[in-house]
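Me: Hi! Could you walk me through this protein model in plain words?
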Amino acid sequence: MLKSLKYIALLLLAVGFVPSMMATDNRNMPAPSTLKLSDADRRKFDYFFFEGINLKNAGEFSAAYDMFNHCLAIDSTAAPVLYELSSFYVQLDRPDMAVDMLKRAVANSSDNYTYKIALATVSRNLGMFGEAAEEYEELIKEYPEKAELYYYLADVYTQQGEIGKAIDAYDLLESIVGMNEPLSMQKYKLYNQLEQEDNAFNEVQKLADKYPMESRYQIILGDLHLEKKEMDKALACYQKAHEIDPLTPYYIVSMANYYEATGNKTAAEEQIHNALVNEKLDVETKVSILSRYILKLQQTKQGTDSANQLFQTLLEQHPEDIELKLMYGGLLVAQGKNEEAKFQFQLVTEMEPDNAGAWQQLLNLALKSQDIPEVIRICNKCIELFPQSPEYYFYLGIAYYQQEKYQEALNAYYAGLNVIPKDNLPLKSDFYGQIGDIYYQMKQMDQAYKAYDEALKYNENNVVVLNNYSYFLSLDKKDLKKAERMSALCIKLEPDNATYLDTYAWIFFVQGNYTLAKIYIENALEKDRTNSSELVDHYGDILFMNGDKEKAVEQWKKAKEMGKNSEVLDRKIAEETYIEDENAK
């Protein structure tokens with residue numbers, strides 16, 4: 001009857017609902033009804049209500065839902081029941097019903113803060129910002145001392161684009177809780193959205209004035225001056241920050257920016273270097289600094305060498321830091337130093353075997369170098385570590401396919417199908433497409449076509465499957481109209497793909513429509529960027545059937561010169577006639 005409700009508990013927390021069994025919460029006790037119930041109905045109502053609470057707390061959400069609906073059938077005005085049911089309708093993606101239930105709960109228990117805040121919160125979380133704003137405004141009138149209401153109201157106004165009203169709400173909140181950094185920085189961001197730079201600046205200035213020994217606010221003020229090209233003022237703020245806290249890493253970063261802005265790149269790099277070799281700075285700060293400047297450092301060979309030396313220095317200082325090794329490995333990959341990068345990623349997997357990012361990097365490197373045994377090793381290990389990650393089954397299947405170990409490839413793909421999320425239909429389609437290709441190589445054509453049909457069931461626009469399926473049908477001279485339709489869809493989806501145009505041309509060739517075949521093969525050759533000898537060979541076949549024997553032989557010779565070697569091609573050239581290639585099937 002219900003969709004799965006196993007995540008309802010998390011949802012209740014997310015929307016601000018309080019667990020029902022709190023001893024101090026009178027929502028557990030059915031409120032006086034506006035209906036006059038008989039004693040028998042009251043006993044039934046109470047039984048169903050408390051049973052519903054117990055079932056919900058036990059995780060039996062479907063049964064709890066039924067209990068609360070029994071209550072509602074007895075008393076449609078019971079606010080606690082309406083409140084409980086609203087949470088179920090949120091999970092069932094029925095926002096209209098959830099809001100309706102909460103509105104009825106509020107109407108029947110107008111002095112209950114919990115129901116009102118729930119109505120406002122659900123409306124906000126469901127994107128009903130106008131309704132949510134009205135609810136929070138009413139709540140603030142009744143409960144002006146509750147600081148969180150102003151925060152929620154400001155958030156709703158921000159979501160609506162009512163930035164001025166959001167700032168006003170934060171001002172009211174500040175009058176209750178006092179000035180603090182999160183509030184001031186939030187207003188700073190909002191003033192920037194309104195392009196009111198002076199007001200944004202003043203928010204930070206107020207923080208700096210209130211906390212004169214906090215260096216970070218001086219840094220922020222300096223950064224603001226730097227953005228305005230007010231170099232002297234920026235430098236004064238940075239120097240003041242440095243006087244307050246000589247070890248603040250923010251000073252180093254901002255001074256590097258300052259030197260960059262003033263054209264002193266040498267001084268900028270020196271700031272970065274000093275920060276990174278400073279043993280008093282923690283590694284997280286160093287990684288943060290380096291990540292900001294690594295692209296700038298790599299703009300020259302000297303900068304690249306400097307970046308590598310900095311990483312090596314940091315690794316000597318912090319040999320156990322995982323993030324540093326991953327970052328350095330990524331830098332080495334960008335420089336094309338794949339073996340050195342591999343070493344860093346391998347170290348990470350030894351230190352932290354379940355680090356999925358490092359394994360993915362190793363797999364990428366193995367695929368890039370076409371190291372098939374290494375791909376197999378990595379995928380098998382990752383399937384042990386991450387059995388629910390389908391990508392490793394996919395690449396394992398490709399690796400076995402490359403080794404012509406077709407049964408092992410099939411086993412990998414069929415195992416992977418069991419872990420693909422139900423809603424990831426395109427990936428299922430790709431898996432079945434690979435299965436179809438394998439069966440084709442095994443000469444099991446019925447199984448191949450069955451797999452392709454499955455692939456298209458999950459993604460009817462899977463162009464790779466559409467192309468392979470239609471081409472293999474043309475080679476078998478089977479279901480040619482179906483092949484033509486599928487190939488036509490490929491062309492519609494990717495009109496400039498030379499391979500797909502070649503397939504379309506070949507289908508027309510097999511059907512004896514040589515004129516259309518010639519049009520599409522010439523289009524394919526025009527779009528081809530791979531210098532495919534196969535396309536040139538097909539062009540010769542099509543020209544021959546169009547009665548142009550001389551040009552056909554010319555194209556066959558060209559295909560041979562381009563590297564295509566086959567007995568059939570040699571015979572076509574020698575005998576100057578078209579010969580069907582039985583081996584292509």
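What follows is a chat about the whole chain, its cores and one helix.

Me: Before we start, what kind of model is this?
Reply: This is a predicted model, in which local features need pLDDT of at least 70 and side-chain atom pairs count only at pLDDT 80 or more, while totals for chains, interfaces and linings use all residues. Residues are numbered from 1 along each chain as its sequence is written, and side-chain values use heavy atoms, leaving out hydrogens and water.

Me: Cool. How many helices and strands does the chain have?
Reply: The chain has 32 helices and 0 strands. Here helices (H or I, at least four residues) and strands (E, at least two) are DSSP runs, numbered from the N terminus.

Me: And is the chain spread out or compact?
Reply: Spread out: its radius of gyration is 35 Å, well over the 25 Å that the globule rule gives for 585 residues, so the chain is more spread out than a compact globule. That radius is taken over C-alpha atoms, and the rule is 2.2 Å times the number of residues to the power 0.38. Along its principal axes, the C-alpha trace spans about 100 × 80 × 45 Å.

Me: How much of it is buried?
Reply: Of the 585 residues, 46% count as buried. Buried means under 20% relative accessible area, exposed over 50%, and partly exposed in between (1.4 Å probe, protein chains only).

Me: What about the largest nonpolar core?
Reply: The largest one has 111 residues, and those with the most contacts inside it are Tyr-238, Leu-290, Phe-311, Ile-435 and Tyr-452. Helix α28 (residues 498-510) gives the most to this core, with 9 residues. Apart from it lies another core of 37 residues, Tyr-113 and Met-185 among them. A nonpolar core is a set of buried Ala, Val, Leu, Ile, Met, Phe, Trp, Tyr and Cys residues joined through side-chain atoms within 4.5 Å.

Me: Switching topic: which residues of α24 are buried?
Reply: They include Phe-431, Tyr-432, Ile-435 and Tyr-439. What covers the buried residues of α24 includes α22 (390-402), α23 (406-417), α25 (445-458) and α26 (463-476).

Me: Does its length add up, I wonder. What span should α24 have?
Reply: At 1.5 Å a residue, the 17 residues of α24 (residues 425-441) should span 24 Å, and the end C-alpha atoms are 25 Å apart, which agrees. The expected span is 1.5 Å times one less than the number of residues.

Me: Last one: what comes just after α24?
Reply: There, Lys-443 takes a positive phi of about 65°.

Key:
Contact means heavy atoms within 4.5 Å.
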